[in-house]
Amino acid sequence: MEENYVRIFDTTLRDGEQSPGATMTSAEKLEVARGLARLGVDVMEAGFPAASPDDLEAVRKIAMEVGNMSGEGLPPIICGLARATKGDIEKAWEAVQPAARPRIHTFLATSEIHMQYKLKMTRQQVLERVREMVAFASSLCADVEFSPEDAGRSDPEFLYQVLAEAIRSGARTLNIPDTVGYTMPDEFGKLIAGIIANTEGIENCVVSVHCHNDLGLATANTLAGLRAGARQAEVTINGIGERAGNTALEEVVMALHTRHASMGLTTGIKTGQITRMSKLVSNYTGMNVQPNKAIVGANAFAHEAGIHQDGMLKNNQTYEIMRPEDVGASQSKLVLGKHSGRHALKVRLTSLGYSLDEEEMDQVFERFKLLADKKKTITDADLEALVSDELYQPYELFALDGLQVSCGTMGMPTASVRLRDPSGDLRTHASIGTGPVDATYNAINAIVQCPNSLQEFVIHAVTEGIDALGEVTVRIQGENGKSIWDAQKEIGQPLTFGGYGADTDIIVASAKAYLSALNKMIVAAGRYGSPEKVAAEAL
Ligand code: KIV
Ligand code: ZN
């Protein structure tokens with residue numbers, strides 16, 4: 001591989017999914033994995049197979065399909081995370097084995113505080129465990145990555161010893177995590193340079209960096225690590241992840257792209273897919289992107305101040321260091337309309353990266369026609385919202401069949417809701433509420449009977465114009481104490497689920513988003529059997 005090439009290791013499906021409320025169903029994970037492959041990531045960490053049988057199965061499915069994708073170039077490496085135990089490593093191997101290029105990623109903490117309080121292990125014991133477990137992983141899989149957890153707060157001299165041991169035992173990627181986001185960019189750069197200069201055998205390995213964003217320094221630290229010689233960056237879409245998150249893929253990739261003259265490093269990322277992936281992950285996790293987020297925020301390419309607008313009109317480089325189209329943010333305005341046929345729709349969806357089968361095309365085309373009756377021009381953003389809403393609602397246990405609301409200043413906001421339940425029966429309920437959304441949610445609750453509290457409700461228009469599609473994302477949490485599912489009890493804290501819905505009618509979009517989150521919650525609760533059973537029968 002070229003010396004200045006930076007491997008992009010995406011961990012949206014593992015570290016990213018660990019952020020509170022970012023839980024995705026296995027169908028959603030598979031769709032994200034397909035998107036990551038289109039984006040051109042070199043490695044995707046598809047999950048933590050030892051966490052649960054569902055996690056193992058989700059990673060296996062990704063390994064089987066995405067890990068064997070034929071297209072331009074090789075399929076991405078599919079990686080599974082494992083603690084440094086035999087059981088975890090075996091599960092990770094079981095999950096990633098079907099991929100053409102599998103990888104096991106194992107880790108053990110090396111900072112004094114982690115070794116003393118969490119692991120209750122001495123330095124010598126840590127060294128021995130690393131030797132044994134990396135050797136065990138290498139006996140199963142040719143590609144092994146090792147991470148000394150909390151490396152950012154570890155004694156560098158001890159790190160050199162641990163990493164050399166991992167290399168002797170077969171690891172070929174050495175990942176250096178700043179697990180708690182503690183280091184400063186100059187310190188992290190020095191740490192990486194020190195590791196490269198002092199670790200025996202490192203010249204035959206790839207050094208990787210994995211930074212958390214607790215002090216808002218994850219991207220700066222990652223870039224400092226790359227400058228110091230690391231050639232793999234571990235990142236997530238939108239920077240989601242534990243606590244304040246991980247390094248954002250889009251920030252590192254666009255920094256390397258935009259400042260190539262200064263950094264001299266390249267990646268294989270197709271940057272035009274970035275905005276689309278950002279939206280997909282935000283819809284599935286229910287985690288909205290802040291408007292001023294670098295690269296993918298709604299305002300990232302908006303110019304409000306008159307003086308800026310004037311500059312932009314004269315020469316857009318006055319205030320724009322990247323073009324919106326570089327990251328796929330400039331959607332063509334007039335794409336399709338009422339008179340566009342099925343073929344035109346298919347061609348457009350294919351160019352957006354979707355490959356739908358005939359049945360899915362029929363479904364989307366039907367929705368497209370309905371939308372085209374209400375909305376004159378249909379943009380790429382509309383199509384993406386429509387496909388997400390129509391096709392990627394993995395478990396439609398309860399589906400919206402009808403909705404009627406009355407609201408305004410005269411009288412009580414009232415909603416009548418008709419749902420199709422899992423046995424196919426139609427069930428209707430009418431409720432009042434403080435507003436039309438509240439009334440709708442009360443009516444849905446009366447039918448579905450799954451206690452929860454609404455944590456977040458966000459509504460926004462997909463495009464400008466009064467006829468725009470409205471997109472709603474919600475996050476709901478199981479009510480503590482009244483929880484009905486074991487997973488929640490096991491974890492000891494309420495689980496959060498995100499939902500997404502799109503429609504020209506924002507109350508309908510709100511109902512769909514709420515139902516999509518509720519359906520996920522019901523599946524997790526196992527009320528209708530295991531998620532696999534539900535997936536097999538309910539779709
Ligand atoms: O932050 C961290 O230390 C991790 C490791 C498992 C690599 O996520
Ligand atoms: Zn991490």
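**Entry 1. The largest cavity**

I sorted the lining of the largest cavity by residue class and found 3 nonpolar, 2 polar and 3 charged residues. The model I am reading is a predicted one. I then listed the lining by name: Arg276, Lys279, Leu280, Asn283, Tyr354, Glu384, Ala385 and Ser388. Two elements, α11 and α15 (380–391), each give two or more residues to this lining. Helix α11 supplies the largest share, 4 residues.

I looked up the volume and noted about 70 Å³ of space in this largest cavity. My search of the whole structure returned 2 cavities of 30 Å³ or more.

Where does the largest cavity lie with respect to domain 1 and domain 2? Domain 1 (7–285) and domain 2 (329–391) both contribute lining residues, so the cavity lies between them.

**Entry 2. Domains**

I consulted the domain assignment of the chain, which gives domain 1 (7–285), domain 2 (329–391) and domain 3 (399–538). For domain 1 and domain 3, I took the centres over C-alpha atoms and obtained a separation of 35 Å. The contact between these two takes 12 residues from domain 1 and 10 residues from domain 3.

**Entry 3. The zinc ion**

I next examined the zinc ion (ligand 2), which is coordinated by Asp15 through OD and by His210 and His212 through NE2, at 2.0 to 2.1 Å. Along the chain the donors follow the spacing D-x194-H-x1-H. I placed Asp15 in the loop between β1 (7–10) and α1 (26–39), and His212 in the loop between β7 (206–211) and α8 (218–227); the pair therefore ties together parts that are 197 residues apart in sequence.

Are Asp15 and His212 buried or exposed? I found that both Asp15 and His212 are buried.

**Entry 4. Helix α9**

I went through helix α9 (residues 249–258) for buried positions and recorded Leu249, Glu250, Val252, Val253, Met254 and Leu256. I then asked what covers these residues of α9. The cover includes β1, α1, α8, β8 (232–235), α10 (260–263) and α11 (274–285). On helices in general, I note that an α-helix has 3.6 residues a turn, so residues three or four places apart point the same way.

**Entry 5. Asn238 and Ile295**

I located Asn238 in the loop between β8 and α9. I checked its backbone and found phi of Asn238 near 65°, a positive value in a residue other than glycine. Asn238 has a relative accessible area of 11%, and because buried means under 20%, I classed this residue as buried.

Which residues does Asn238 touch, not counting those up to four places away in sequence? I listed Ala248, Glu250, Ser278, Val281, Ser282, Val289, Lys293 and Val296. One of these, Glu250, is also among the buried residues of α9. I also took the distance from Asn238 to Met121: these residues are 117 apart along the chain, and their C-alpha atoms are separated by 36 Å.

I then turned to Ile295, in the loop between α11 and α12 (306–314). Phi of Ile295 is near 70°, again a positive value in a residue other than glycine. I recorded 9% relative accessibility for Ile295, which counts as buried.

**Entry 6. Leu345**

I found Leu345 in helix α13 (residues 342–351). Its relative accessibility is 0%, so I entered Leu345 as buried. Leaving aside neighbours within four places in sequence, I noted contacts from Leu345 to Leu336, Met361, Val364, Phe365, Phe368 and Leu383. For Leu345 and Met361, I read 16 residues of separation in sequence and 8.8 Å in space, C-alpha to C-alpha.

**Entry 7. Leu518**

I closed with Leu518, which lies in helix α18 (residues 506–525). I found a relative accessible area of 1% for Leu518, which is therefore buried.

What is in contact with Leu518 once its neighbours within four places in sequence are left aside? I recorded Ile444, Asn445, Val448, Cys450, Asn452 and Ile476. I also compared Leu518 with Tyr395: they stand 123 residues apart along the chain, and 9.7 Å separates their C-alpha atoms.

Terms used: Residues are numbered from 1 along each chain as its sequence is written. Chains are lettered from A and ligands numbered from 1 in the order in which they are written. This is a predicted model: local features need pLDDT of at least 70, side-chain atom pairs count only at pLDDT 80 or more; totals for chains, interfaces and linings use all residues. Side-chain values use heavy atoms; hydrogens and water are left out. Donors are N, O and S atoms within 2.8 Å of the metal (3.2 Å for Na, K and Ca); water is not among the atoms, so sites may look incomplete. Buried means under 20% relative accessible area, exposed over 50%, partly exposed in between (1.4 Å probe, protein chains only). Contact means heavy atoms within 4.5 Å. On a 1 Å grid over the protein atoms alone, a cavity is a set of points where a 1.4 Å probe fits but cannot get out, and a pocket is an open set with protein on both sides within 12 Å along at least five of seven lines; lining residues have an atom within 4 Å of a point. Grid points are joined across faces, edges and corners, and a volume is the space filled by probe spheres set on the points. Ala, Val, Leu, Ile, Met, Phe, Trp, Tyr, Cys and Pro count as nonpolar, Asp, Glu, Lys and Arg as charged, and the others, Gly among them, as polar. Domain bounds come from an automatic or database domain assignment.
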